[in-house]
Amino acid sequence: MNTIENNLHTIDKLSELQQRDLWMNKLHPLTRLLSSVIYIVLVASFDKYDIVHLAIMAVYPFFCFMVGELSLKDGLYRMRVVLPLVLAVGLPNPFFDRQVLIMAGSFAITGGMVSMVVLMIKGLFTVLALYVLIATSSVEDICYALRCLHVPKTIVIVVLLIGRYIYMLGSEASRITTAYRLRAPRQKGIHYKAWGTLVGQWLIRSMDRAQVVYESMCLRGFRGDFPESKRGVRLNDVLYTLVWALVLGALRFTGAVELIGQLFVA
Amino acid sequence: MKTGTEKRVLEVSDLKYSYEKGHQVLKGVTFDVNAGENIGLIGANGVGKSTLLKLLVGLDLHFEGTIHVSGHSMSRDSLTHIREHIGYVFQDSDSQLFMSTVEEDVAFGPRNYDMSETDVEKRVADALERVHITNLRKKQVYKLSGGEKKLAAIAAILAMEPDLILMDEPSVALDPRNRRNLISVLGEIPGTKLIASHDLDFIVKTCSRTILMYDGVVRADGPTKDILENAQLLEECGL
């Protein structure tokens, strides 16, 4: 399999995860979106040296991976493109912030080192929370939740169509590169002289297919909106968001961590 | 044999169409379709079969002549109404199915016409039942085989309960088993169908009337058996 096929395969796998008949997948889309947003906002709001309180926020992804029957290994693997970027954000910190916070024997731990780790943890938690969201919610689900939040229709439709067309663009690219590779077996990759032609072909073919998709939509009454069946909010949807908002809020704004720590010490 | 009392679902009169100046694809096509008829549309490559089908559903309105669908004249204003009466099964089912699951795709049309969820549910169940793919209801579209995609595409059109279904090369890329299955399914579906195909055997098995196109006009229109047994006519028309 080439890289494009690998990526299409990843999309297929994510799609399979989204379609599973699990409790978490059945939650109202708005519940899943709001919980993720609350979590990400709270994680991002921690102080740059507050590593202890931040670490306890692992409870949310831990819970979601357990209940959502998701594999942490797969999650980290699938987010491998974003993870290094997110983790690299704090790398310069040790050079700028040299204030010594703790002495571990003769080794000085500076503020820069701590803030670098804090940024890395924040990045990791955010990526994991996003993975939980996309592994349990389809593009349609997320768009439905956005519509519930009164995000403008045009923006939601654009997101939805991007979701639709991205797979189509990928499959066209896969066909073209496969056809090229089969007729250039001794070449490694695509020769730069063929790049222009292939990209041109790819765009033209994708546009043709997109046109057929659009025509098909119009013939079935598409008038600029994707109608969806209305999904009622159940009690457990409300409770789920509420409980997480309270738990995460408590972990962030109260001394809950110290309290838990004291309980363990006692 | 047509009688004056039959309900006419499609009337095409002196239809002319050009992709570019000097290259006229359709040079005055005239025919009509009565309710309940199964009609094969045959002709050599490039004769304008697919173009004709696209004009019949209003995907291009730059034509001369007249098209009436269920009594409505084809124009920009009547498009929404016309498309409620006419369904089009594309040659490439891959592009026709754009929702994530079979169920969602089949429900797309009825939902767009503001039906209640109960009605949508009923339409989806009926359409899937008719083409015998109820078991694929929750299946993701990309996981379907070629034959299943074709049936799902037909179900998506059936869910809209059109007066007339147009099909562009429905048997293309199907293996013999799926082709046989499609023939059987089409035989069970009531209603009016206009099927464009090169697959003459498929036309024999699904259509009682055939329209033969050649050089941008209707060269012959009559019982399928009579037309397909006329080897000289077929040869003259490039088939």
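Modeller: A residue is buried under 20% relative accessible area, exposed over 50%, and partly exposed in between, with a 1.4 Å probe and protein chains only. This is a predicted model, in which local features need pLDDT of at least 70, side-chain atom pairs count only at pLDDT 80 or more, and totals for chains, interfaces and linings use all residues. Residues are numbered from 1 along each chain as its sequence is written, chains are lettered from A and ligands numbered from 1 in the order in which they are written, and side-chain values use heavy atoms, with hydrogens and water left out.

Biologist: What is the relative accessible area of Asp14(B), and what is the residue called on that basis?

Modeller: The value is 37%. It lies between the cut-offs of 20% and 50%, so Asp14(B) is called partly exposed. Asp14(B) is part of strand E1 (residues 8-20) of chain B, where a strand is a DSSP run of E with at least two residues, a helix is a run of H or I with at least four, and both are numbered from the N terminus. Its phi is positive, about 50 degrees, although Asp14(B) is not a glycine.

Biologist: Why is Glu169(B) put in its class, buried or exposed?

Modeller: Its relative accessibility is 7%, which is under 20%, so Glu169(B) counts as buried. Glu169(B) sits in the loop between E7 and H7 of chain B, and its phi is also positive, near 45 degrees.

Biologist: How do you know that the length of helix H13 (residues 235-253) of chain A agrees with its number of residues?

Modeller: The expected span is 1.5 Å times one less than the number of residues. For the 19 residues of H13(A) that gives 27 Å, and the end C-alpha atoms are 26 Å apart, which agrees.

Biologist: What makes the buried residues of H13(A) line one face?

Modeller: They fall within an arc of 165 degrees seen down the axis, so they line one face of the helix; the arc is that of the directions from the helix axis to the C-beta atoms. Tyr240(A), Trp244(A) and Leu248(A) are among these buried residues. On the other side, Leu235(A), Leu246(A) and Phe253(A) are exposed. The buried residues pack against several helices of chain A, including H3 (29-44) and H14 (256-265), with contact meaning heavy atoms within 4.5 Å.

Biologist: What is called the largest nonpolar core, and which residues touch the most other members?

Modeller: A nonpolar core is a set of buried Ala, Val, Leu, Ile, Met, Phe, Trp, Tyr and Cys residues joined through side-chain atoms within 4.5 Å. The largest has 43 residues, and Val106(B), Val131(B), Ile133(B) and Ile154(B) touch the most other members. Helix H6 (146-158) of chain B is one of the elements giving two or more residues to this core, and H6(B) provides the largest share, 8 residues.

Biologist: How do you know that E7(B) and strand E8 (residues 192-196) of chain B pair, and in which sense?

Modeller: Two strands pair if DSSP finds at least two bridges between them. E7(B) and E8(B) have 5 bridges, so they pair, and the sense is parallel. One of the bridge partners is Lys193(B) in E8(B), which faces Ile165(B) as its partner.

Biologist: What makes E1(A) and E2(A) a hairpin?

Modeller: E1(A) (residues 100-104) and E2(A) (residues 107-110) run antiparallel and are joined by 4 bridges. They form a hairpin with 2 residues between them, and Gly105(A) in the turn has a positive phi of about 70 degrees.
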